Amino acid sequence: MEINKDKTIAFYTSYIPCNCGDCKIYIRNIEKMYPEICAYLTSIGVNPLKPFELMSIDDGMSQLEFVSCEYIVFGNADNDFKITINNMDIEVSYLHPILDTKDDYFILMFGPIMIEKIYSNTRHLTHSDIKKTISKILYDFDIMNLIDKLDKEEASLLANEYIQEANIIEIELSKRRNLIGFPKFLQKTFYKQFDQVIEIALCRKITYEIASQLEVQRDFKDFEENKRLKGKISIEDFEYKLVIHPNFIVTTLDRNTYINGKLYYDIEEQDLLESYIDFVDNNDYIYIQYKRKQLLSARNYFRLVHKNKYDFIKLKNKKQIELIFDNNGVIFKK
């Protein structure tokens with residue numbers, strides 16, 4: 001392996017890593033958990049606190065599994081290069097999007113690693129916000145079948161039927177660092193409140209739903225507080241909506257992202273903030289929106305064209321084009 005340490009150090013000096021929740025947890029813990037690996041990376045010019053790519057799996061409860069942890073290194077290495085540190089294999093990978101550089105580089109990767117997830121879903125949310133969310137989840141699950149027996153009008157009067165249980169759960173969440181054993185806590189709480197044993201499987205589902213919904217709301221607060229997105233983004237029924245202008249509306253639900261109601265592509269949760277900022281800030285590209293066709297691939301509803309290569313006269317006469325726009329406004333509309 002031949003490493004250009006100076007260029008590697010220079011890269012990490014200016015490189016800004018992802019700032020999503022999973023990456024923050026990784027960055028906070030990697031030096032404590034794997035000091036020898038971090039020392040090796042540092043010795044070759046890599047900043048271990050600036051991963052280039054992390055592939056994480058969230059079990060919705062207590063741990064994050066980082067399946068792959070990847071770092072950029074400038075220089076050359078054989079494909080079969082491998083070094084083992086503390087029973088962890090560090091290997092070479094070239095399977096990654098190309099950097100905008102003419103210099104030789106490769107990627108070092110290792111994993112999987114498990115990191116306990118510090119429970120931080122509520123760091124932006126008020127106690128009232130959290131209680132309302134939990135109460136709504138308990139209402140939707142209706143574990144005591146209180147609401148199913150009523151008509152819609154009567155059921156609407158019971159919107160806060162589970163607020164007392166929500167208050168107990170919110171207080172417990174505020175004390176915890178993680179959700180280990182939380183389904184058992186719910187089971188005991190429901191027994192005390194209703195004198196009835198609720199199946200642990202259902203308590204797991206409720207735990208997962210609480211963690212997931214608070215995570216979505218936490219992420220939304222991150223978006224809402226970002227100065228580039230402020231006033232442009234909203235959330236309803238866990239669907240994000242980013243309005244750049246009336247003809248450039250981005251919505252995301254369950255990782256599927258749509259522009260003006262047409263599927264654009266699926267965006268990983270940890271990339272949402274960066275992607276939304278790109279939509280708002282990127283002044284270099286024109287979006288060309290095509291008419292919906294039954295056999296047209298979803299990813300072909302849009303085409304991005306760099307402004308330097310944009311030919312308006314040629315495009316506007318094409319029948320299949322219905323809208324041409326950028327992040328400042330509409331250029332052409334049929």
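Does Asn 260 count as buried, partly exposed or exposed, and at what relative accessibility? In this predicted model, Asn 260 has a relative accessibility of 25% and therefore counts as partly exposed, since that class begins where the buried class, under 20%, ends. Asn 260 lies in the loop that connects strand 11 with strand 12. Its phi is positive, at about 50°, although the residue is not a glycine.

The two strands on either side of that loop belong to an open sheet of five strands, ordered 8-9-10-11-12 and paired in the antiparallel sense. The edges of this sheet are formed by strand 8 (233-236) and strand 12 (262-266); each has a single partner strand, so one side of each is left without a neighbour in the sheet. From one strand to the next, the twist averages 25°. Strand 11, which comprises residues 256-259, is joined to strand 12 by four bridges in an antiparallel pairing. Within this pairing, Asn 256 has Asp 266 of strand 12 as its bridge partner.

Two helices accompany the five-stranded sheet. Helix 8, residues 200-225, packs on the sheet and touches strand 8 and strand 9 (239-245). The direction of helix 8 makes about 165° with that of strand 8. Helix 9, residues 272-281, lies across strand 8, strand 9, strand 10 (248-253), strand 11 and strand 12. Helix 9 runs at about 20° to strand 9.

Helix 8 also leads to another part of the model, through its packing with helix 4. The axes of helix 4 (residues 127-141) and helix 8 come within 10 Å and cross at roughly 140°. An angle over 145 degrees would count as roughly antiparallel and one from 65 to 115 as roughly perpendicular; the two helices are therefore oblique to each other. Their crossing is right-handed. On the side of helix 4, the contact is made by Ile 130, Thr 133, Ile 134, Ile 137, Leu 138 and Phe 141. These residues meet Leu 202, Lys 205, Ile 206, Glu 209, Ile 210, Gln 213, Leu 214 and Gln 217 in helix 8. By character, the residues of this contact divide into nine nonpolar, three polar and two charged.

From helix 4 the chain enters the loop between helix 4 and helix 5 (152-156), where Asp 142 is placed. Asp 142 has a positive phi of about 45° although it is not a glycine. With a relative accessible area of 3%, Asp 142 falls under the 20% limit and is therefore buried. Another backbone feature concerns the peptide bond from Gly 111 to Pro 112, which is cis, with omega near 0°. Pro 112 is found in the loop between strand 6 (105-110) and strand 7 (113-116).

A further open sheet has four strands in the order 14-13-15-16, again with antiparallel pairing. Here strand 14 (302-306) and strand 16 (329-333) stand at the edges with a single partner strand each, so one side of each is left without a neighbour in the sheet. Neighbouring strands of this sheet are turned against each other by 25° on average, direction ignored. Strand 15, residues 321-326, runs antiparallel to strand 16, and four bridges join the two. Phe 325 has Val 330 in strand 16 as its bridge partner.

Definitions and conventions: Residues are numbered from 1 along each chain as its sequence is written. This is a predicted model: local features need pLDDT of at least 70, side-chain atom pairs count only at pLDDT 80 or more; totals for chains, interfaces and linings use all residues. Side-chain values use heavy atoms; hydrogens and water are left out. Two strands pair if DSSP finds at least two bridges between them. Axes are lines fitted to C-alpha atoms, for helices over the stretch in contact, and angles run from 0 to 180 degrees between N-to-C directions. Contact means heavy atoms within 4.5 Å. Angles under 35 degrees count as roughly parallel, over 145 as roughly antiparallel, 65 to 115 as roughly perpendicular and the rest as oblique. A crossing is left-handed if the near helix is turned anticlockwise from the far one by less than a right angle, and right-handed if clockwise. Ala, Val, Leu, Ile, Met, Phe, Trp, Tyr, Cys and Pro count as nonpolar, Asp, Glu, Lys and Arg as charged, and the others, Gly among them, as polar. Buried means under 20% relative accessible area, exposed over 50%, partly exposed in between (1.4 Å probe, protein chains only).
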